[in-house]
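Biologist: Please put the chain on screen. I would like to go through its fold and its contacts with you.

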Amino acid sequence: MGVVFAKTPKGHDEIATKAGGLSPRVRRLLIFVDGKRSVEELRGMLPADDLQHTLGMLEEEGYIEFHDIAGIPPGAATPAALPAITAFSELPSNPDPVRLQQARNFMINTLNAFVGALGTSSLLDRLENAAGHVELRALYDEWYHSIVMSRDGKREAESLRGKLLNVI
């Protein structure tokens, strides 16, 4: 399953008039957003390191919006929440306390940097008290949602997700 974006009326106007002053690279991405292609399909078509950032910018500025979740069979119920964006590796048979602390520190530091301690104090407490990788993984979706909901975090979310998945 993958997230699908569609152009808003402002996005369609931009394609027709070029009034928004988008760069050619950003405009090309806007053209490819059609309400049918998932983010993963766009990633295959447009080799850009900052695809997530550019999509976030287009969404923030009102050119595109969430449209659908690809990969759901016709007639199936649409999930109430977006699918988890996880690709956890298998846990080692012997827990690694260094990797556990790295993952914990990464999650806490990124929340403090992008969201702030005030808005996430409950999550920060649960991260601090997590006894192992399984408990940290259970908090992953909430961590990612908090990062994506912040203005600066939305731009960096894909990169941060990848870094965290290397150690969690």
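Modeller: One term comes up front: pLDDT is the predictor's confidence in each residue, from 0 to 100. This is a predicted model.

Biologist: Which element has the lowest mean pLDDT, and which the highest?
Modeller: The chain averages a pLDDT of 82, and 86% of the residues score at least 70. Among the elements, strand E2 (residues 64-70) is at the low end with a mean of 79. The highest mean, 94, belongs to helix H1 (residues 9-17).

Biologist: Where does pLDDT stay under 50?
Modeller: Where pLDDT is low, the predicted coordinates should not be read in detail. The stretch in question has twelve contacts beyond four places in sequence in the model. It covers residues 81-86.

Biologist: How many helices and strands does the chain have?
Modeller: From the N terminus on, the elements run β-α-α-α-α-β-α-α-α-α-α. That order holds nine helices and two strands.

Biologist: What share of the chain's residues counts as buried?
Modeller: Buried means under 20% relative accessible area. The chain has 168 residues, and the share that counts as buried is 37%.

Biologist: Of the contacts between residues at least 6 apart in sequence, what share joins residues at least 24 apart?
Modeller: Contact here means heavy atoms within 4.5 Å. Among the contacts in the chain that meet your separation, the share is 66%.

Biologist: Which helix gives the most to the largest nonpolar core?
Modeller: The largest nonpolar core has 22 residues, and Met107, Leu111, Leu127, Leu136, Trp143, Leu164 and Ile168 have the most contacts inside it. Helix H5 (97-114), H6, H8 and helix H9 (151-165) each supply at least two of its residues. With six residues, the top contributor is H5.

Biologist: How many residues are in the second, separate core?
Modeller: Leu22, Leu42, Leu51 and Tyr63 are among its members. The second core has 16 residues.

Biologist: What is Ile168 in contact with, leaving aside its neighbours within four places in sequence?
Modeller: Ile168 is among the residues with the most contacts inside the largest nonpolar core. Its contacts beyond those neighbours are Phe88, Ser89, Arg99, Ala103, Met107, His133, Leu136 and Arg137.

Biologist: How far apart are the end C-alpha atoms of H5?
Modeller: H5 has 18 residues. At 1.5 Å a residue, they should span 26 Å. The model agrees, because the end C-alpha atoms are apart by 26 Å.

Biologist: What do the buried residues of H5 pack against?
Modeller: Those residues are Leu100, Ala103, Arg104, Phe106, Met107, Ile108, Thr110 and Leu111. They pack against H6, helix H7 (133-138), H8 and H9.

Biologist: Which residue with positive phi follows H5?
Modeller: Take the start of the helix before its end. There, a side-chain oxygen of Asp96 reaches to within 3.1 Å of the backbone nitrogen of Val98. After H5 comes a residue with phi near 105°, Gly116.

Biologist: Which salt bridge pairs residues of helices H6 and H8?
Modeller: The closest N and O atoms of Arg126 and Glu142 are 2.7 Å apart. Arg126 lies in helix H6 (residues 121-129) and Glu142 in helix H8 (residues 140-149), so the pair ties together parts that are 16 residues apart in sequence. Both are partly exposed, Arg126 at 35% and Glu142 at 33%. The bridge is Arg126 with Glu142.

Biologist: How many residues apart are Arg43 and Glu40 in helix H3?
Modeller: They form a salt bridge, with closest N and O atoms 3.6 Å apart. Arg43 is partly exposed at 27%, while Glu40 is exposed at 52%. About one helical turn separates the two, because in H3 (residues 39-45) their spacing is three residues.

Biologist: Which residue forms a salt bridge with Asp34?
Modeller: The count of salt bridges comes to three. In this one, the closest N and O atoms are 3.3 Å apart. Asp34 is partly exposed at 32%, and its partner is partly exposed at 26%. That partner is Arg37.

Biologist: Is Ser146 buried or exposed?
Modeller: Ser146 lies in helix H8, and its side chain reaches the backbone oxygen of Glu142 at 3.0 Å. Beyond four places in sequence, Ser146 is in contact with Leu111, Val115, Thr120 and Leu123. Its relative accessible area is 15%, so Ser146 counts as buried.

Conventions:
Residues numbered from 1 in each chain as written. Predicted model: local features only at pLDDT ≥ 70, side-chain atom pairs only at ≥ 80, totals over all residues. Heavy atoms only, no water. Salt bridge = Lys/Arg side-chain N within 4 Å of Asp/Glu carboxyl O. Buried < 20%, exposed > 50% of the residue type's maximum accessible area, 1.4 Å probe, protein only. Helix = DSSP H or I, 4+ residues; strand = E, 2+ residues; numbered from the N terminus. Core = buried A, V, L, I, M, F, W, Y, C linked by side-chain atoms within 4.5 Å. Expected span 1.5 Å × (residues − 1). Polar contact = N/O pair within 3.5 Å; in protein donor to acceptor, adjacent residues only side chain to side chain.
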